[in-house]
Amino acid sequence: MVGEAMPAERAATDVARLAHSMIGLAPTDFTRDAILGAALALEQRDNPLRLNLFATAIRIFLDHVMDALAPREQVEACRWFEPVEGQNKPVRNARLTYALIGGLTVEQVEEIAGIDVKPLIKEVIGAYSDLNKHVHGREDTIVRDLDEQDAIANDVLVALAELLEAQRDYRREIVDCIADGLQREAVEKFTTETVGEIDILATHHTVDWVGVNERQVIGITANHVEYEVTGSIGVTLLYGSGSDRRRGEGAEIGDEFPIGMRFRVPVETPQDLGEAEITSEIDTSAWFGIGDDDDIDDGVQNTDDTNL
């Protein structure tokens, strides 16, 4: 008898552990509480309403995840949004689409990054619909078998974990693909223009190189894709005229400074530099003996390093 009980006990422990592991993926304090509640429900192996309590917690979890990742007003502002007859708010398919790709279209994302979001959306909706049947318990519908409970819980947890990981990873991949072309063009433009923050340091200057180290996703909304790159710029500061320097009366000093460039592009034309809003910042505070060279930071989590 003990030998027969072990597989079910091991499965129950694993599915509860899976729920606990998702706490770090939850986007808000309340959704972390909700997924913790779902995990604790799964640990109650002797509770006859174990699956029903888990299902209720997961429904609360997903509803509030959608509130955080796909606000109604943003979803309805997307050019691809179409109201569903009989529904007074965006349906789950539309909200999941927005959570993954914002105002970009499914076709755009497949062309830009090679990502097809439809299978994942279908998987999440299917698993969630199956679980929804167990929110309201009835005497003749309660699932009492632990293995069956674990299989149902596992399906929805895996689908939701894939969703939350994809919400993070897809946006990074999309921005990486959009940014590569724009970044090269913007850096070329950057090196040919007079930079005010550096211009005040010397009579003249030349930009020798621009290096980009990190790329940060700011957001993909109904209307815009926004991201930031940070790195360094190498310059030569020139003091005096050319003839002054030839006579040894001027000076040339090489230096480098941290830079940040923020890109904001419309979702309709995300790879068109002509439509991009670009703002740049050069931190020259170290030149004056103030500040910290590493202070360029907007509080957004860094993605993988990208070098030019």
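This is a short conversation about helix packing and an aromatic pair in a predicted model.

Trainee: What makes α5 oblique to α7?

Mentor: Start with the numbers: the axes of helix α5 (residues 92–101) and helix α7 (residues 118–132) come within 10 Å and cross at roughly 135°. Angles over 145 degrees count as roughly antiparallel, and 65 to 115 as roughly perpendicular. The crossing fits neither range, so α5 is oblique to α7. The crossing is also right-handed.

Trainee: Which residues of α5 and α7 meet?

Mentor: From α5 come R92, N93, L96, T97 and L100, and from α7 come L120, I121, V124, I125 and Y128. By class, this contact has seven nonpolar, two polar and one charged residues.

Trainee: How do you know that α5 is mostly covered?

Mentor: Buried means under 20% relative accessible area, and eight of the 10 residues in α5 are buried. Among them are A94, R95, Y98 and I101. Just after α5, G102 takes a positive phi of about 60°.

Trainee: Why is α3 called oblique to α7?

Mentor: We can reason in a similar way here. The axes of helix α3 (residues 50–69) and α7 come within 9 Å and cross at roughly 135°. That angle lies between the perpendicular range, which ends at 115 degrees, and the antiparallel one, which is over 145, so α3 is oblique to α7. The crossing of α3 and α7 is left-handed.

Trainee: What makes the contact between α3 and α7?

Mentor: On the α3 side there are L51, F54, A55, I58, R59, L62 and D63, and on the α7 side Y128, L131 and N132. These divide into seven nonpolar, one polar and two charged residues.

Trainee: How many aromatic pairs does a search of the whole structure find?

Mentor: It finds one.

Trainee: Why is the pair of Y227 and F263 called stacked?

Mentor: The ring centres are 4.9 Å apart, which is within the 6.5 Å needed for a pair. Their planes lie at 5°, and planes under 30 degrees apart count as stacked, so this pair is stacked. Y227 sits in strand β2 (residues 224–239) and F263 in strand β3 (residues 251–266), 36 residues apart, so the pair links distant parts of the chain.

Trainee: Are Y227 and F263 buried or exposed, and how do you know?

Mentor: Y227 has 0% relative accessibility, which is under the 20% cut-off, so Y227 counts as buried. F263 also has a relative accessible area of 0%, so F263 is buried too.

Key: Residues are numbered from 1 along each chain as its sequence is written. This is a predicted model: local features need pLDDT of at least 70, side-chain atom pairs count only at pLDDT 80 or more; totals for chains, interfaces and linings use all residues. Side-chain values use heavy atoms; hydrogens and water are left out. Axes are lines fitted to C-alpha atoms, for helices over the stretch in contact, and angles run from 0 to 180 degrees between N-to-C directions. Helices (H or I, at least four residues) and strands (E, at least two) are DSSP runs, numbered from the N terminus. Angles under 35 degrees count as roughly parallel, over 145 as roughly antiparallel, 65 to 115 as roughly perpendicular and the rest as oblique. A crossing is left-handed if the near helix is turned anticlockwise from the far one by less than a right angle, and right-handed if clockwise. Contact means heavy atoms within 4.5 Å. Ala, Val, Leu, Ile, Met, Phe, Trp, Tyr, Cys and Pro count as nonpolar, Asp, Glu, Lys and Arg as charged, and the others, Gly among them, as polar. Rings of Phe, Tyr and Trp (its six-membered ring) pair if their centres lie within 6.5 Å; planes under 30 degrees apart count as stacked, over 60 as edge-to-face and the rest as tilted. Buried means under 20% relative accessible area, exposed over 50%, partly exposed in between (1.4 Å probe, protein chains only).
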